[in-house]
Each structure stands twice: as C-alpha cells, then as structure tokens.
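Hello,

As promised, I am passing the structure on to you. Have a look at it first, and then read on for what turned up.

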Amino acid sequence: MSRYPIMKKNKKSYMKQGTRWTIIAVTVLLLLFIGIGILTGAKTTYRIYSSTIQEWTTKLEGSAFLYLFEMENRSFKDAHPEGNRIPSLTTLSFQLLTSLTPNDPRSLLGREIPGLSSYNSQIIIAGKGTDYSTLPIESEPPMIVDDRGEEGDVEENNEDEGKLEEKPVGEDRVYIYHTHNTESFYPHLPDESTDHDGKVNITLIGERLGEGLEKRGIGTIVDTTDVAALRSEKGMEYYQSYDAVRPVVEEAISQNGDIRYLFDLHRDSLSKEHTTTTINGKNYARFAFVIGAEHPQYEQNLQLASKIHQLLEEKYPGISRGVITKKGSGVDGIYNQDLHPNAILIEFGGVYNHLDELYRSADVMAEVFSDYYFEDEKVSKD
C-alpha cells in the first residue's frame with residue numbers, strides 16, 4: 001500500500017488547522033481594533049470614565065475587595081470575616097446589574113419599610129445622641145401645600161446687638177437655596193394635616209442666615225425660587241426636586257463667578273427631642289449635615305461639612321447632630337453637590353421646632369461660618 005495518500009491527508013489536515021487558527025487570530029484582532037475604536041472614538045456620553053467604574057464598584061460588598069488585596073498581600077487573608085467565602089462570579093454580576101445584595105433584604109426593601117431608611121446612610125461624625133435610629137428623615141411628598149401658616153410672635157435675638165460691628169459687604173461668596181422650599185413647622189400651622197406651607201417655611205431661615213452673613217461682611221445670595229411650583233410646571237414628582245432645582249443652581253454658579261459656598265437648607269422630620277438642644281437656658285434647633293456620596297469628588301464636600309461641624313461643637317456643644325453620607329437606591333445620593341466642591345446640605349431643626357429656635361440657630365451658623373470663612377480667606381492669601 002502506498003504511503004502517499006496518508007501524507008496528503010495529513011498535509012490537508014495541517015492546512016485546515018492552520019487556516020482555522022489564522023481566521024480566529026484575524027477575528028480576535030478585528031474585534032480588538034473595533035473595541036479600541038469604540039472606546040476612543042465614541043461620543044463622550046458613551047465612554048467609560050472613572051466615575052462609571054466607581055458607580056459599579058459601590059454596588060459591591062466591601063468584603064469582596066479583600067480578595068483582591070489578598071492577591072497582592074497574603075496577610076489580608078486573616079481579615080476575612082469568619083465563615084466568609086469568596087463571592088462567585090454569578091453573585092458579583094448579580095450585584096453589579098441589580099444593586100441588590102444576596103441574603104440582605106434591606107437592599108431590596110430600602111426605604112419601603114419604616115426603619116430601613118438608615119440602610120442608605122453612613123454616619124461619618126456622630127453628634128450627641130446620633131445613631132442609626134436618629135438619622136435625618138426626608139419629608140414625605142406633600143398631599144397639599146398650605147398657605148395658612150403664621151409666623152406668630154417671634155422673639156428677636158438681640159444678644160449680638162452692640163457687640164457685633166457690621167462690616168462692609170464684599171463680593172457674593174455664599175449662595176443659599178432650598179430644594180424643598182415648602183418644608184414647614186407645625187407650631188406655625190393651623191393643624192397637622194400638612195407639614196408643607198407656601199409662606200411660613202424653611203425659606204425664612206435662609207433669609208435669616210443670609211442677613212447674618214451679610215452683617216459680618218460676607219456677600220450672600222438667598223435664592224427665592226419656588227421649586228415646588230417649578231416642579232409642578234415641569235410635571236415632575238417630589239422625588240425629582242433635585243433635578244428640578246439643578247438648572248437654577250447651575251445658572252447661579254455661571255452668573256456669579258465669585259460664589260465659593262453653596263448651602264441647601266432643609267428641615268428634618270424627626271421629633272423635637274432629637275432636633276433641639278438647650279444652651280444657657282435657651283432652645284436652639286440642631287443642625288445635621290448630609291453629603292451625597294455618589295459622585296467622585298464628594299470627599300471635598302464632606303471635608304467642609306466636617307470642619308463646620310467641628311467649629312460648631314467647639315463653641316456650642318451639642319448643637320450639631322453630626323455629618324452623614326447617603327448613597328444607594330431610595331435616595332438622591334448627589335444632592336447637586338457635584339456642581340461645586342463647597343456645596344453642602346444642612347438640616348435646620350425639625351418639623352416641631354419654633355421659629356425662635358430656628359432663628360437663633362441661623363445666627364449661630366452665621367457666626368461660626370464667618371469665623372471659618374475669614375480664617376480660610378487669610379490662609380488662602382498667605
């Protein structure tokens with residue numbers, strides 16, 4: 001029998017295999033070039049940025065990253081919680097795609113069940129009495145917005161009269177606005193059928209704070225935009241308030257290049273025992289600082305809030321409830337703080353506080369912030 005047919009058969013087999021591998025190699029290269037082209041040539045809207053990566057990774061459990069560290073340093077092996085196992089690829093993919101954590105129903109229920117709202121919050125600095133049962137609670141959507149509120153008799157705080165030497169007002173440095181501008185206070189409403197009022201509401205505190213800052217020489221813009229009406233005009237829901245006010249804030253920043261600080265004032269919905277403190281025999285509404293942790297530069301906003309908290313506690317111990325961050329499903333998570341590194345959200349008291357208590361606290365904030373402001377100005381010039 002001739003051996004040539006066998007040789008020809010083997011030769012054809014090798015050629016067939018070589019052709020197949022050549023086709024695979026060319027296909028892989030083409031896909032690689034196409035992928036690179038998409039990533040580098042696509043419109044900026046569709047590119048993958050570090051912020052996108054951050055958004056993905058925040059959906060993973062922190063313990064999952066220990067396995068990555070362990071690859072570089074074996075000592076991290078001892079850091080795993082007892083009984084914890086490396087998450088499977090299926091589990092990680094599920095978390096990335098759904099933002100849900102297996103075996104943790106809080107990630108699914110979120111704020112749907114009372115008491116689980118703290119799931120999306122992290123206490124960075126705890127003030128007196130602050131724990132996960134006393135975190136700020138955002139107001140529920142108003143059934144109606146009342147216009148029957150009354151200021152009533154408000155005691156004027158004259159403690160600084162004669163001591164405070166008014167300074168010439170400089171350039172506008174502070175911008176005060178109110179995303180939930182109708183948040184109101186039960187002591188000034190005819191009944192408790194609503195806690196949202198079109199007249200006597202959080203905007204009065206913004207005016208008071210603005211006046212206090214200007215008395216100390218800090219130029220301040222107090223925005224009076226009716227965000228509730230703006231939202232209604234655009235057909236937006238209550239949870240879209242931050243989206244509704246965003247263009248207003250963006251325009252303010254672009255039109256006023258000297259603005260260096262942005263304060264979004266709110267009021268909490270907790271009971272008075274948590275939102276009030278007594279100093280030298282007088283009641284003051286307490287502050288809480290809320291920072292959205294779902295944008296890459298949030299730590300800059302957090303730094304400002306932490307510094308103001310510290311200064312408040314030095315001069316008026318107990319007046320600050322602390323600093324928290326929020327992210328995840330059920331909360332906004334940004335609060336338009338990505339627009340400026342010195343943008344913060346401040347909760348002024350709660351729904352049961354009286355204007356007397358709120359005005360005193362607005363004066364305290366003006367005093368303490370002005371100390372910080374002028375010290376920071378001095379350091380910047382040096």
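Strand β4 (residues 261-268) runs parallel to β9, and 6 bridges join the pair. Strands here are DSSP runs of E with at least two residues, helices are runs of H or I with at least four, and both are numbered from the N terminus. Two strands count as paired if DSSP finds at least two bridges between them. To find this pairing on your screen, look for D264, which stands opposite L345 in β9. Strand β7 (residues 287-292) also pairs with β9, this time antiparallel and through 4 bridges. There, F289 has I346 of β9 as its bridge partner.

Before you go further, please keep in mind that this is a predicted model: local features need pLDDT of at least 70 and side-chain atom pairs count only at pLDDT 80 or more, while totals for chains, interfaces and linings use all residues. Residues are numbered from 1 along each chain as its sequence is written, and side-chain values use heavy atoms, with hydrogens and water left out.

How enclosed is β9? Because 8 of the 8 residues of β9 are buried, the strand is largely enclosed by the rest of the structure. Buried means under 20% relative accessible area, exposed means over 50%, and partly exposed lies in between (1.4 Å probe, protein chains only).

Now for the whole sheet. It is open, has 7 strands with mixed pairing, and follows the order β1-β8-β7-β9-β4-β2-β3. At the edges are β1 (121-126) and β3 (219-222), each of which pairs on one side only. From one strand to the next, the twist averages 25°; axes are lines fitted to C-alpha atoms, for helices over the stretch in contact, and angles run from 0 to 180 degrees between N-to-C directions. Strand β2 (residues 172-177) pairs with β3 in the parallel sense over 4 bridges, and V174 has T220 as its bridge partner in β3. Helix α8 (residues 241-255) packs on the sheet and touches β2, β4 and β9. The direction of α8 makes about 165° with that of β2. A contact, by the way, means heavy atoms within 4.5 Å.

The loop between β8 (320-326) and β9 (343-350) holds Y335, and N336 is found in that loop between β8 and β9 too. Y335 has a positive phi, near 55°, and is not a glycine. N336 is likewise not a glycine, yet its phi is positive at about 60°. Are these residues buried or exposed? Y335 counts as buried at 3% relative accessibility, and N336 is buried with a relative accessible area of 5%.

On the surface, V26, L30, L31 and I34 make a nonpolar patch of about 380 Å². Patch residues have over 30% relative accessible area and no salt bridge (a side-chain nitrogen of Lys or Arg within 4 Å of a carboxyl oxygen of Asp or Glu); like charges are joined within 9 Å, and nonpolar side chains (Val, Leu, Ile, Met, Phe, Trp, Tyr) within 5 Å. L31 is found in helix α1 (residues 4-41) and counts as exposed, at 55% relative accessibility.

Finally, some totals. The protein has 11 helices and 9 strands, and buried residues make up 41% of its 382 residues. About 22,000 Å² is exposed, with carbon and sulfur atoms supplying 53% of it; accessible areas come from the Shrake-Rupley method with a 1.4 Å probe, and for residues only the protein chains shown count as cover.

Best wishes
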